[in-house]
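Good morning, everyone, and thank you for making the time. I would like to walk through one model with you, taking the enclosed spaces, then one residue, then a sheet.

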Amino acid sequence: MIAILTDKPNVGKEIARIVGAHKFEKGYMTGNGYMVTWTFGNMLSLAMPKDYGNAKLEREDFPLVPETFRLMVKHIRTEDGWIPDINAVMQLKTVEKVLEQCDTIIAATDASREGEMVFRYLYGYLGCKQPVLRLWISSLTDEAVRKGMENLLPLRMFDNLFFASDSRNKADWMLGVNASYAVCKATGLGNNSLGRVQTPVLTAVSSRYRERENHIGTDSWPVYISMYKENTLLKMRCTDEFHDRKTAVQFYNDCKHTEQARITEVHRQTKEILPPELYNLTELQKDANRYCGLTAGQTHDIAQSLYEKKLISYPRTAGRHISRDIYDTLPAVIEKILAWKELRPYVNSMGIDIARLPERVIGEECLTEHPAIIITGICPERLERLEMQVYTLIIGRMLEAFMPSCRMEYTMVEAVCAARKFGMLSCRILEKGWHAIFEREDAVMPQGCTHLALPEIQTGETLSVAACNLVRKKDLPASPFTDAELIEYMDTAGLGTVATRSNIIQTLIDRKYIRYSGRHIIPTRKGLYIYETVRGMKIANAALTSGWEAQLARMERGKLLPEVFLADTKKLAKEVTDEIFLTYKSKG
């Protein structure tokens with residue numbers, strides 16, 4: 001008997017159907033020589049200090065670094081404190097029973113660092129000894145699963161992937177647990193959760209909020225002139241900034257009396273804007289927030305649902321290219337799209353030969369890297385509104401990536417009126433290319449640019465000023481983060497991965513450190529308290545572990561030993577706890 005272990009019930013049941021395990025039992029399915037079972041995500045976690053006998057901690061106990069890390073069943077918080085998750089306990093017993101009855105195991109958990117760790121932790125925790133093969137797929141279509149089952153891989157090929165995930169998990173424990181317990185011990189206040197990712201993210205949200213609170217706005221007085229050329233309105237802004245109303249009013253009056261402006265320069269530039277790259281999860285989350293108002297967590301969950309419905313490839317990916325073999329399947333996929341009347345307008349606007357798609361989307365990916373998110377060619381049926389919005393983004397981006405460049409003409413016009421310079425920037429689309437899919441102006445127009453086809457304007461030409469305007473403009477503080485902005489900040493700062501960032505935001509929400517205010521993310525009073533407590537410390541600094549992902553990527557390639565990485569983390573944990581105790585000793 002062969003056991004197949006997945007980390008999601010829906011995925012397990014789908015794979016069971018494909019391999020012929022049709023008989024349903026409580027917590028697993030069986031048939032055709034297979035027993036298919038599943039976990040509920042990661043049902044095991046690293047044990048806490050009290051589980052190592054460190055119930056009462058003293059200053060000299062820091063940093064806390066177990067000689068050997070232990071695993072425990074996931075706990076949940078209740079009114080009576082933290083208790084084992086009964087669902088995890090029961091399913092763990094089911095998984096143990098299934099694995100004991102099988103002489104071979106197929107690891108079919110998520111094809112990622114996290115999925116590899118889920119399987120290895122459970123395999124070790126249950127004391128399994130059976131040989132293991134790895135199912136590694138980027139799509140849940142019947143064809144992809146069957147092909148994956150025909151080409152199962154030795155588990156040892158993914159050892160480095162596990163080393164990276166295990167090392168990251170242990171390193172997060174060392175910094176998070178040590179910082180949390182140290183702050184509690186040093187301040188004498190209640191225990192609050194800190195972490196090497198969540199605390200810098202909370203700091204970013206809180207510091208922007210404080211900056212907004214403390215902002216003192218200043219006024220400026222921009223002056224505009226309007227002129228007509230061949231019935232086209234040209235509105236120009238003075239390039240000088242006026243922060244004094246009296247000076248601005250005086251110049252405004254000078255412009256009114258001058259009644260004309262002389263064109264000093266006309267500069268035209270034609271530019272080809274290349275199609276955007278295919279989506280990875282980060283870029284999909286950002287666009288879904290900008291254009292659909294979805295949170296990062298909603299987009300993550302919807303993409304996972306579309307994946308489980310076999311409509312898109314694996315979504316928790318950082319890749320933005322596809323392999324040659326996937327590229328070779330795309331003409332057939334796009335041919336299927338032609339038959340979907342809802343999507344025909346998008347496909348008809350492509351203007352390319354489907355049999356000869358551009359190859360710029362092809363990239364060399366290593367074994368553990370997933371390709372960009374693309375559709376599978378299965379026709380979507382009965383999708384909910386939000387699912388359809390995300391699916392439309394994905395299929396639209398996929399079509400954009402194969403289309404010609406968008407050709408734009410940008411024209412900068414400068415003039416002089418009342419001895420001061422004025423300017424305007426306009427643009428027009430010469431060839432839509434990929435821009436024809438969604439026609440979003442913000443994708444091709446620089447800020448401050450006007451979408452306007454200008455008449456012929458010559459340098460030295462004099463035009464009559466038809467109107468003059470003086471506007472009061474108040475300097476505004478930075479707005480609180482949106483999901484798109486916070487995800488982008490985390491990506492730029494090297495905080496978390498494409499697969500974990502929405503979970504980090506949700507963790508901060510669950511711990512009541514941040515909340516949504518409309519479409520913006522702001523700190524709670526509790527979050528601001530944590531921010532003020534650790535502000536300026538290493539644990540709050542995004543740069544503290546910004547190089548971790550690069551180190552973990554080296555570990556995946558076998559270029560860095562886990563022991564070296566964790567030894568460096570232990571030193572970092574000591575620095576973090578020493579700083580906390582020193583800070584509060586001096587304050588005391």
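Let me begin with the second largest cavity, which has a volume of about 40 Å³, and let me say at once that what you are looking at is a predicted model. The residues that line this second largest cavity are Val-183, Thr-187, Leu-189, Gly-190, Asn-192, Tyr-529, Ile-530 and Thr-533. Two elements give two or more residues to that lining, namely helix H5, which covers 159-187, and helix H15, which covers 525-534. Of these, H15 supplies the largest share of the lining, with 3 residues. If we sort the lining of the second largest cavity by class, we find 4 nonpolar and 4 polar residues, and no charged residues.

How many cavities of 30 Å³ or more does the count give? The count comes to 3, and the largest cavity has a volume of about 120 Å³. Its lining is made up of 14 residues, and those that lie nearest the centre of the largest cavity are Val-11, Ala-108, Thr-109, Asp-110 and Tyr-307. The elements giving two or more residues to this lining are helix H1, residues 9-19, and helix H9, residues 296-308. By class, the largest cavity is lined by 9 nonpolar, 2 polar and 3 charged residues, whereas the lining of the second largest cavity has no charged residues.

Let me return to helix H5, since Ala-171 has its place there. Is Ala-171 buried or exposed? Its relative accessible area is 0%, and because buried means under 20% on that scale, Ala-171 counts as buried. Leaving aside residues up to four places away in sequence, Ala-171 touches Trp-548, Phe-565, Leu-566 and Thr-569. For a sense of distance within the model, Ala-171 and Gln-250 are 79 residues apart in sequence, and their C-alpha atoms are 64 Å apart in space.

I turn now to the sheet. This is an open sheet of 7 strands with mixed pairing, and its order is E2-E3-E4-E1-E9-E10-E11. Which strands stand at the edges? They are strand E2, residues 23-25, and strand E11, residues 153-154, and each has a single partner strand, so one side of each is left without a neighbour in the sheet.

As general background, the strands of a sheet pair through backbone hydrogen bonds, and they do so either parallel or antiparallel. In the present sheet, strand E1, residues 2-6, and strand E9, residues 104-107, run parallel and are joined by 4 bridges, with Ile-4 standing opposite Ile-106 in E9.

The pairings that start from the E2 edge are antiparallel: E2 is joined to E3 by 3 bridges, and E3 is joined to E4 by 4 bridges. Within the former pair, Glu-25 stands opposite Tyr-28 in E3, and within the latter, Met-29 stands opposite Val-36 in E4. Both pairs form hairpins: E2 and E3 have 2 residues between them, and Gly-27 in that turn has a positive phi of about 90°, while E3 and E4 also have 2 residues between them, with Asn-32 in the turn at a positive phi of about 60°.

Finally, helix H1, which we met at the largest cavity, lies across E1, E2, strand E3 at 28-31 and strand E4 at 34-38, running at about 165° to E4.

Note on methods: Residues are numbered from 1 along each chain as its sequence is written. This is a predicted model: local features need pLDDT of at least 70, side-chain atom pairs count only at pLDDT 80 or more; totals for chains, interfaces and linings use all residues. Side-chain values use heavy atoms; hydrogens and water are left out. On a 1 Å grid over the protein atoms alone, a cavity is a set of points where a 1.4 Å probe fits but cannot get out, and a pocket is an open set with protein on both sides within 12 Å along at least five of seven lines; lining residues have an atom within 4 Å of a point. Grid points are joined across faces, edges and corners, and a volume is the space filled by probe spheres set on the points. Ala, Val, Leu, Ile, Met, Phe, Trp, Tyr, Cys and Pro count as nonpolar, Asp, Glu, Lys and Arg as charged, and the others, Gly among them, as polar. Buried means under 20% relative accessible area, exposed over 50%, partly exposed in between (1.4 Å probe, protein chains only). Contact means heavy atoms within 4.5 Å. Two strands pair if DSSP finds at least two bridges between them. Axes are lines fitted to C-alpha atoms, for helices over the stretch in contact, and angles run from 0 to 180 degrees between N-to-C directions.
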